[in-house]
Each structure stands twice: as structure tokens, then as C-alpha cells.
Amino acid sequence: MYTIGGVFSLLIILVLATTPVSSPAVAQEPTAHGITILVPDLPPGEGLRARFGSRVARELRSQIDRLHTHYRVQDRDLRDALRRYNIPRSQLSDCLMARQLAMQEGWDLVVCGSYEDAGDRNLLVHASFVAAESGEAFDVDPFVVSERDTREAASRILETFDVWQTQLRHTLFCSDYVESRQWDLALTNCRQALEINPVSRPARYMLGYIYWQTERLEEALEAVDSLLEVYGLHQDAMKLGGIVATQLGDRPLARAYLDRYMELNPADVRVRLTIATEIANAGDPEGALDFAQQGLEHEPENVDLISYIGQFAMNAALQADSRDGRPATTSPHVAGLYQTAADSFDDVVRLQGDDVEPRVLERLVIARTRLGQVDRAIAVGLRATELAPEDGSVWEAYSRALEEAGRAEQALEAIDRARQLGRAGPALAQRTAQIHLRQRDVAAAVRALRGTVDRGEIDAHDAWRIMFGYAYNDRYRAGQLMEAVQALDLAAPLATAESDRLARNFWTGYFLYNHASEVHQPQTADSARRARPMFERALELLNASRGYERFEPAARSLLQLLEACERMIEIQVALIRRGR
């Protein structure tokens, strides 16, 4: 997750995790001893004496001593530290040196500054409060004072410190509201912090984060860019920019942000995988794949990296190819993604042996199946079921490979095992029925569906829709009208809802009417004898479907169908009489 480490460092530090970007937080202010401030002497400008800077620093220390919540570094503690690190006191006029010493000693804040000649015995004073750990600075507006007025100079500096504390409070409030997801209040406080200090790193970063969380993506990107303009090495901003750009669909821009980030951490696979995961979670698994694969240059045998690459490739392929369990016959690009997934998972199996996670084997089976490499898929699936015999997902993936190879009975056995292990549901019910239906065993399909309905794995309406889809798409459209009628007759027990009963009556009657019309075509007494009972049953079914037009627009022609059916029955009767 993201945190802002330390109240006064105000630095947002990346703490890697396997979850997407999480909310920033600002740690609470220490209560035991408040802020400890190091106040070195202010160095003079060219041609000026150091006395003014020493007196201002001494006066500022004296004023800080009168505060109740903050403390300046005591002279004895400073002498001990300088002696310990062998640093001349004069070198503290270098702000970087003063910060380094403060970090070593755990002091929170450093006063940095200088002064220069402003003419007429006046001096122009520059000062800032700098967080020791992060270098976050809050500048005092430059001001002019008499060279004799050291007390006024110290007071002006300390006044700015009060303003800085106000800015810090708004930043803390902003963070608290971010943590509780009160976005409006968070936004208000971050904006107030930025009004005081427009270049505040945490406030600027949290502003971008708030915009991102509230789906104001363009504004989030503007906040990120404004932060990077001032702090070009702000790693969290680079990372957030990459995620936001991904969500905006601008992959080149996202890649630019993340490449900048990885330039600072080129060999850190953990960092790379965290970012890649967030790219995938933002909806771009193929972008995540590309980003993760670059890590192979540094750690080609890192099993976690290879496993993630396989997962990203698999998700990218599945995103592009929504077919359920069929071989990959789409574009070479999609097949290439499946191949990358399969090769990566193979590498994981090679590196881990029998300790490999069952989920890796499951995905490998699916990838090989999608590629049409069913023999290899079955071999992996068999090994997976031996290594993880109680894993329902493994058995389900194995069943797909067996089904694809045409080994229907074994596929059904694997599906049944997956169901016993908790994988029961509509998808398995439909696959079971489809396997039976591909074998033209409609009765077995209906029995299987009735069993899943009785067990509560699927509702009767969904089971009925599976059978109706088979009758209409696979049989009626293929011109196999009586097979369509027989399928709906067998599926009648599944049509328990009113709309399904009416649908079954209408479509069975409609299919039967069309078949009877074909039988009638010779228009002989013999054809009439065969067609008449069909038309009579069709008329009975169509009459029983009255009201179906409420559910299905196609049934609005019901009255015309009934009239046509009655007319055809009359014709059959006439043909039979004439034939006698």
C-alpha cells in the first residue's frame, strides 16, 4: 500500500504489496516529545559577516524554547553529535549536511537559510523548514530586515512555521478522510493544504489519488504531472500515472510512466510484479504481460515472475477469446498469447516439479486445450489429478481436455468428480448436457439437467433454455424438425414456469406444423393420413400456447397459425375422403 512515512518527513513511500494501489496515509503526530528542530547558523552571502546569521539562529532557538509542543536540538546534544561524526560545526551551513546529521540523530526538522545584502544596512533573508528524512521543504517568503533586527528576523521565520503547521494539519485531515473514503472532505483539505504550500508532495499526490478514486481520471493525471514537474523522481506519482493512463486507454503514456519508474528499480522483480498486477487490474492484462516479461532479462529463472507471466498471458488470451473451452482457432496473436501462457506454466512445472501449485497445472491444461493440443493437455491433466485429487478446478479443466478429445464418457466422469468436489453450477450442468447432446442422447441430457435442478445447482428455467437452444439452433435450423419436436417433448418436465410451458407448447406446435406441411406435400391420401395427426397435435399445442405472445413477439402470429392449422386439417380430411 501507500503510506506517507513520518509526520514531518511528508514523504510518500512505496510499500509493495500484491494488491492494487491502496490509499495513502499520513502517520499521526508523535505525542511524547513533539517536533525536534535543528537550527544551524544561517550562512552569510558574499562579503557579509557571519554575526547576523549566528544571532538570528540563537534568537530562533530561544523562541522555540518558549513553545510547548516543539523543541530545538540542545547545544550539548549537537556538540556530541558533531563529535561523534567528526563534523565541523561550520559545515552545518550546508543544508544537505545538516539534514544528514538530523537523519542520523532522529531529529525531525532542519531550518535552512541564508542572507544577502539588500542595501541601506538591510539584509534579504531566505529560510525554509526542511524535513530531514524526505527533504520536503516549506519555504519562508523572503523578507528584508535591518541588520540589527535579529529578533524580528527570527520571529518572521517562526511565524511561517505556524503556517506550515496549518498546512500539515490539512494534509493530515486529508489523509484521514482518504482512509475513510470521505472523498469530498479529503478533497477540501488537500486543496487547503496546497493553497498554503502548492508544492507539498503528499498533498499533491493525495489530490491525484482522490481524483483517481472518484474516476476523475484526466484531473488525476494533471495532478500527477504537476507533482512530477517539481519532484521528477517521485516514484509513487510515476506508478499512479501509469495506472491512470492505463484506465484512460493510453497504453503508450502508461508505459512511459512505468518505464520511468522501473529505471529507478530495474532489477527489482517484486516491484515489477506489483506494477504489472496493477496494470492487469486496471483492465490491461496484455500490457501487464509486456511489462512483466522485461524482468526476465534480470532474473530468467525467477519462478514467481514466470508464473505471473503465464497468468497475464492467459488472462490476455481469455479476454480476447471468449469461447468456452474450445480450441484456439482465432487470430495468430491470440494463439500466441495462449502459447506464451503454456510455455510459462511448463517452465514453472520444470522448476518446481511435484511441488507445483495445482492452479498452475489447471491453467496449463486450459491453455493446451485452447491451443488444440489435447494430448498434451490430457497428459498434464492426468498428472494434475494425481497431485491434487481433491481439487475440483483441476478435475474441471481435465474434463475439458477429455471432452475436446472426444472421450465423452471419461469427460463426464471428470465432470462428476468436479461436481462432488464443489464445482457444481450452471456451467458444469450445461457442459454435461452438451456432451450428451453432441452424442444425440437427448434423454440422457434431460436426465442430467433434471438432476442438477433437483440438487439446486441450476434452476429449471435455465435447464429448459439449454434444451430449447439445442432444439431450435441445432435441430430446427438444420431442418431436422421431428428431432426438434422430440427434444422439446423430452424436455417438457423442465418447463415448469408459465412462460416456459407456453414456449414449449408454441414451439413444439410450430415445429410440428412445419414438419406436417412437408409430409403433406405429395397431397395424396396416404400423405394426408400421416400428416393429419401431426396437424391435429400441432393445433392442440398451439391452442395451449395462448398467452405466449405476452412473452415472445414471434407468437403474435398465433391466430394465423391456428387458422392455417385448421385449414390444413380440413384439407387432409378431404384428401383422405377422395382417396377412398
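**Close-up views of the five-stranded sheet**

**View 1. Strands β6 and β7 form an antiparallel pair in this predicted model.** Strand β6, which covers residues 122-131, is joined to β7 by eight bridges, and the two strands pair in the antiparallel sense. One of the residues in this pairing is N122, whose bridge partner in β7 is S146.

**View 2. The open sheet contains five strands with mixed pairing.** The strands follow the order β4-β3-β5-β6-β7. Because β4 (70-72) and β7 (137-146) stand at the edges with a single partner strand each, one side of each is left without a neighbour in the sheet. On average, and with direction ignored, neighbouring strands of this sheet are turned by 25° against each other.

**View 3. Strand β3 runs parallel to β4 and also parallel to β5.** Three bridges join β3 to β4, with T36 standing opposite Y71 in β4. Between these two strands the chain passes through helix α1 (residues 51-65), and the resulting β-α-β crossover from β3 to β4 is right-handed. Towards β5, β3 is joined by two bridges, and L38 has V110 in β5 as its bridge partner.

**View 4. The side chains of β3 point in two directions.** In a regular strand, the side chains alternate between the two faces of the sheet. Here I35 and I37 point one way from β3, whereas T36 and L38 point the other way, and all are buried.

**View 5. Helix α3 lies across three strands of the sheet.** This helix, made up of residues 95-105, lies across β3 (35-38), β5 (109-119) and β6, and runs at about 160° to β5.

Terms used
Residues numbered from 1 in each chain as written. Predicted model: local features only at pLDDT ≥ 70, side-chain atom pairs only at ≥ 80, totals over all residues. Heavy atoms only, no water. Pairing = 2+ DSSP bridges. Helix = DSSP H or I, 4+ residues; strand = E, 2+ residues; numbered from the N terminus. Axes fitted to C-alpha atoms, helices over the stretch in contact; angles between N-to-C directions. Contact = heavy atoms within 4.5 Å. Buried < 20%, exposed > 50% of the residue type's maximum accessible area, 1.4 Å probe, protein only. Right-handed = clockwise from strand over helix to strand, strands pointing away.
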